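Dear colleague,

Here is the structure I promised to hand over, with my notes on what was found in it below. Please read the notes with the coordinates open beside you.

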Amino acid sequence: MMIIIRTIIVLALFTTSLSTFSTVTTEEKLTILHTNDNHGRFWRNEQGEYGMSARKTLIDRLRTEAKEKNHHVLLLSGGDINTGVPESDLQHAEPDFKAMNLLGYDAMAIGNHEFDNPLDVLDKQISWANFPLLSANIFRKDTGQHAYLPYQIVERDDLKIAIIGLTTVDTAKIANPEYIDNFEFREPVAAAQPLLDKIKAKYQPDITIAVTHMGHYINAKHGINAPGDVTLARNLPKDSLDIIIGGHSQEPICMEDENTANASFQPGDKCLPDQQNGTWIMQAHEWGKYVGKAEFVLKDGQLTLISYQLIPVNMYREDIVGGKKVKSLAGDKIAEDPEMLAFLTPYQEKGAAKISQPIGKLIGHLEGDRSKVRFVQTNLGRLIAKAQSESVRADFGIISGGGIRDSIKSGDVSYKDILQVHPFKNRITYLELQGQELIDYINIVATFPSDSGAYCQFYGIQFEKNGDSVLIKSIDGKPFDISKRYRFTLNSYNAAGGDGYPNVTNHSHFVATDIVDAEVLKNYFLKNSPIDASKI
């Protein structure tokens, strides 16, 4: 097998080329369709955006168009099928996985949210799926073996395609520690390189793809997050990977120039994926809002990207018309596939019946958006910490911003709204600390940086930051007494070390209750409605 000499091709703003060890001697065409971070969105939203029924119509059309152009087709996912919408969460994403079967997915990466439930739930999801869930860097501590299928070889006539999976090593600290205690999440480059060498030697694939759930960080600037797809591509030898289909950072990867993102991208705009060290990197935002479509030609060992689109699934965009913002549908309306709709409707009705009844009323808006709760203190963060601390008669409460997953709008509040804020089913725990021990703990959790799930929301404690330390001023409205023992709440995920918090589960003054976070917030609304958001 000879190594094909790389040649230069030009695609829009980029000059790049891809090469591979190929057994193909004639021209082969491949269309890759991709999504990521579904997070339970099997059903359309209130505006009729996304949803797997409309996605089915679009993907069927794209398959037909590809076939007419003699393209083979792969449909891939960057993972995180779980967690986000109560109708799905209460059914362990059964409608989502089974709908993925009907859509014809070929493989997906295992995401960190695949570990939001006990492992027997993930085992059940694997059994539901007629496509592989892949991760090459998750190993069992007790055996040292791969915990899940690391790769898959897919053949399309004479075209041989290797697909490996990789999962963010942040899973070790952001997944529920109770469920992943026996897993080791190895550094992706170290796990991938020997496996890629083995695959090349054994199968000699024409194209090598990684489906990843690691995040795309511009110019490898990943901050507090674990390194993502750009770091992976740069640190593997050239020609190791042709394509990365990613997820986790939940963004449309659309570039203006080398290492410069198109920050103004909106649904319907042109999109160019990232390219690093000979590897194309693609991601389709989140929730099935888009289907990514990449068309490739493989000829004489050269893999050439000839076109790329992020096709919106009934998404709206905002444009300035006459000095005013105008909202309009990006492209033509995509009809819902009748068979998929008929399949999903019973799941939607079953979930909706359980959670749609009002439980309280809200005056104003409770802020839980990711762009807020991971950066600043919000009224919803305070309300959650207040409700949890009151549930066990604690002096104050804390919760990581990453544990708040949605806002609550003004008006009637249903259990569905509560579950969208709290999808993880974490238990309420509390800890009693005294003096310097409490100061040391607050010094850690109060100084986590913004733009991370660890960023801490507080209620009932006042302090001042002084560099890397804090000075506690008051607790529960009274001056801080260093000789007093104080009780505070945190959820079971943070208590067990999630998001990098200190693991306090073995502390002599730690108590884990049987109360679930969503139940606490629901009961707070039942007891205190109507709630005025401006007074929290």
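The largest cavity in this predicted model is lined by Asn 82, Thr 83, Ser 88, Asp 89, His 92, Ala 93, Asn 117, Pro 423 and Lys 425. By class, this lining consists of two nonpolar, five polar and two charged residues, and the space inside the cavity comes to about 60 Å³. A search of the whole structure returned three cavities of 30 Å³ or more.

Lys 425, one of the lining residues of that cavity, sits in the loop between α12 (415-421) and β25, and its phi is positive, at about 60°, although it is not a glycine. Its relative accessibility is 42%, so Lys 425 counts as partly exposed. Another residue with a positive phi that is not a glycine is Tyr 50, at about 45°, which is found in the loop between β4 (28-35) and α1 (52-68). Tyr 50, however, is buried, because its relative accessible area is 7%, where the cut-off for buried is under 20%.

Glu 94 belongs to helix α3, which covers residues 94-103. Which residues does Glu 94 touch, not counting those up to four places away in sequence? They are Trp 128 and Tyr 347. With a relative accessibility of 19%, Glu 94 counts as buried, and it does so because the limit is set at under 20%.

The strand that follows the loop of Lys 425, β25, is part of an open sheet of five strands, in the order β26-β23-β30-β25-β31, with mixed pairing. Its edges are formed by β26 (456-459) and β31 (510-516), each of which pairs on one side only. On average, and with direction ignored, neighbouring strands in this sheet are turned by 25° against each other. Within the sheet, β25 (residues 427-434) and β30 (residues 485-491) run antiparallel and are joined by seven bridges; Glu 432 of this pairing stands opposite Arg 487 in β30. Helix α13 (residues 435-445) packs on the sheet, where it touches β23 (396-400), β25, β26 and β30, and its direction makes about 130° with that of β25. A further helix, α15 (residues 517-528), lies across β25 and β31 and runs at about 65° to β31. In the loop between α15 and β32 (531-532) lies Pro 530, which is joined to Ser 529 by a cis peptide bond with an omega of about 0°.

A second open sheet to look at has three strands in the order β27-β28-β29, with antiparallel pairing, and its edge strands are β27 and β29 (478-479), each pairing on one side only. Helix α13 packs on this sheet as well, touching β27 and β28, with its direction at about 120° to that of β28. Two bridges join β28 to β29, and Ser 474 stands opposite Pro 479 in β29.

Leu 471 is placed in strand β28 (residues 469-475) and, apart from residues up to four places away in sequence, touches Gln 462, Phe 463 and Glu 464. Although Leu 471 and Ile 439 are 32 residues apart in sequence, their C-alpha atoms are 7.9 Å apart in space. Is Leu 471 buried or partly exposed? At 48% relative accessibility, Leu 471 counts as partly exposed, because that class lies between 20% and 50%.

Two of the contacts of Leu 471, Gln 462 and Phe 463, also take part in the second largest pocket, whose 17 lining residues include, nearest its centre, Gln 377, Phe 458, Ile 461, Gln 462 and Phe 463. The elements that give two or more residues to this lining are β26 and β27 (461-466), and the largest share, four residues, comes from β27. About 280 Å³ of space lies in this pocket, and its lining divides into nine nonpolar, five polar and three charged residues.

Lastly, β9 and β10 form a hairpin with two residues between them, and in its turn Asp 157 has a positive phi of about 55°. The two strands, β9 (residues 151-156) and β10 (residues 159-167), run antiparallel and are joined by six bridges, with Ile 164 in β10 as the bridge partner of Tyr 151.

With best regards

Methods. Residues are numbered from 1 along each chain as its sequence is written. This is a predicted model: local features need pLDDT of at least 70, side-chain atom pairs count only at pLDDT 80 or more; totals for chains, interfaces and linings use all residues. Side-chain values use heavy atoms; hydrogens and water are left out. Buried means under 20% relative accessible area, exposed over 50%, partly exposed in between (1.4 Å probe, protein chains only). Contact means heavy atoms within 4.5 Å. On a 1 Å grid over the protein atoms alone, a cavity is a set of points where a 1.4 Å probe fits but cannot get out, and a pocket is an open set with protein on both sides within 12 Å along at least five of seven lines; lining residues have an atom within 4 Å of a point. Grid points are joined across faces, edges and corners, and a volume is the space filled by probe spheres set on the points. Ala, Val, Leu, Ile, Met, Phe, Trp, Tyr, Cys and Pro count as nonpolar, Asp, Glu, Lys and Arg as charged, and the others, Gly among them, as polar. Two strands pair if DSSP finds at least two bridges between them. Axes are lines fitted to C-alpha atoms, for helices over the stretch in contact, and angles run from 0 to 180 degrees between N-to-C directions.
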